[in-house]
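Dear colleague,

Please find below the structure I agreed to pass on to you. My findings follow it.

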Amino acid sequence: MDTKEIVNVSNLKKTYGDFTAVNGISFSVQPGEIFGFLGPNGAGKTTTINMMIGLTKPTEGSITIDGIDAQKHTKKAQALMGIVADESNLYDEMSGFDNLCFCASLYGMKKEERESRARQLLEQFSLAQAGNRPFKAYSKGMRRKLTIAAGIIHYPRILFLDEPTTGIDVESARQLRELIVDLKNHGTTIFITTHYIEDAERICDRIAFIVEGKIVATGTVEELMESMSSGHTLQLVTEQDAQELADDLQARFEGSKVSAAKGNTLNIVSKDRIPLLPVMQYFDQKGITVYEAKELRLTLEDVFVKITGIESGHLEKEKAGAGK
């Protein structure tokens, strides 16, 4: 992967009167990666993306796209971008094929080239059979796919996706995630905003948590989880009351913290990964049946809640509302 940053944002700020929508954020995006902005609605995600693509002027700070000052040379920077807003800007009465060809013409592509590219994208996005249908006849998932196809018709260096899976069904969302990863695998750099934790966890190479206009953490999924991890946890469900076993286990496995959870569940926490064999041998020697043994791992959702203080239920409500 190229080491030169394709995006560099420094001390970016946007105010509207007394309200600060984005508060001095800095980050960079490497070529060929999927960089995710994860945060609740109103966190500043769309304001940030609008400043990056030249739709909104920053109050303070700088943005460079592939070395180009995006504020001084907006049109030059925009020529490198593919932009997919959360609402489609395609034409309802036009077919999918004609919509793609029209978008290609806006970028100066000749007829033969744009028609060839349109057919290629319809095939790539599994829309070939719907290519001659009017856009208004497309499902929400199909509309979103065609909008993304239109955004990359001109082979952009970087694709900006604002909430790409909002309001579509689970299967369409899965297909879109696969398409986004496929675009990355073919060399497209992608900047994505989302409040869907599963989107960020499944497809992003790096993620920034943004809350109330500020970036509160940045890193890979592994780095973010490691930063919040208190160690490795082995959870066991046995036939015997957990509290009765906890003290004995604590003495047996020094350096670990053993606690009894609800029912007959035990949690053994250690800085290093806990080998299962000696634990199972202990129970075997005691003649105690173990019904279940598993290693518990933090999820990105756990990390998000710990870092931001925002309960996951809040995002779940946003997801439910977005689907209406």
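Please note that this is a predicted model. The protein chain contains twelve helices and 14 strands. Along the principal axes, its C-alpha atoms fill a box of roughly 80 × 45 × 40 Å. Of the 324 residues, 47% count as buried. Among contacts between residues at least 6 apart in sequence, 68% join residues at least 24 apart.

As regards the surface, the accessible area of the protein chain is about 16500 Å², and carbon and sulfur atoms account for 47% of that area. The chain carries 38 positive and 45 negative side chains, with the centres of the two sets 7 Å apart.

Turning to the interior, the largest nonpolar core comprises 50 residues, and Leu100, Ile207 and Phe209 have the most contacts inside it. Beyond its neighbours within four places in sequence, Ile207 is in contact with residues including Gly36, Leu38, Ala200, Ala217, Val221, Leu224 and Leu300. Another core, of 27 residues, lies apart from the largest one; among its members are Phe35, Ile53, Met81 and Ala208.

Finally, I looked at helix H1, which spans residues 45-52 and is mostly covered, with six of its eight residues buried. These buried residues are Lys45, Thr47, Thr48, Ile49, Met51 and Met52; the list thus includes a lysine, Lys45. After H1 comes Gly54, which has a positive phi, near 90°.

Yours sincerely

How values were computed
Residues numbered from 1 in each chain as written. Predicted model: local features only at pLDDT ≥ 70, side-chain atom pairs only at ≥ 80, totals over all residues. Heavy atoms only, no water. Helix = DSSP H or I, 4+ residues; strand = E, 2+ residues; numbered from the N terminus. Buried < 20%, exposed > 50% of the residue type's maximum accessible area, 1.4 Å probe, protein only. Contact = heavy atoms within 4.5 Å. Areas by Shrake-Rupley, 256 points an atom, 1.4 Å probe, with all protein chains shown as cover. Lys, Arg positive; Asp, Glu negative; His and termini not counted. Charge placed at Lys NZ, Arg CZ, Asp CG, Glu CD. Core = buried A, V, L, I, M, F, W, Y, C linked by side-chain atoms within 4.5 Å.
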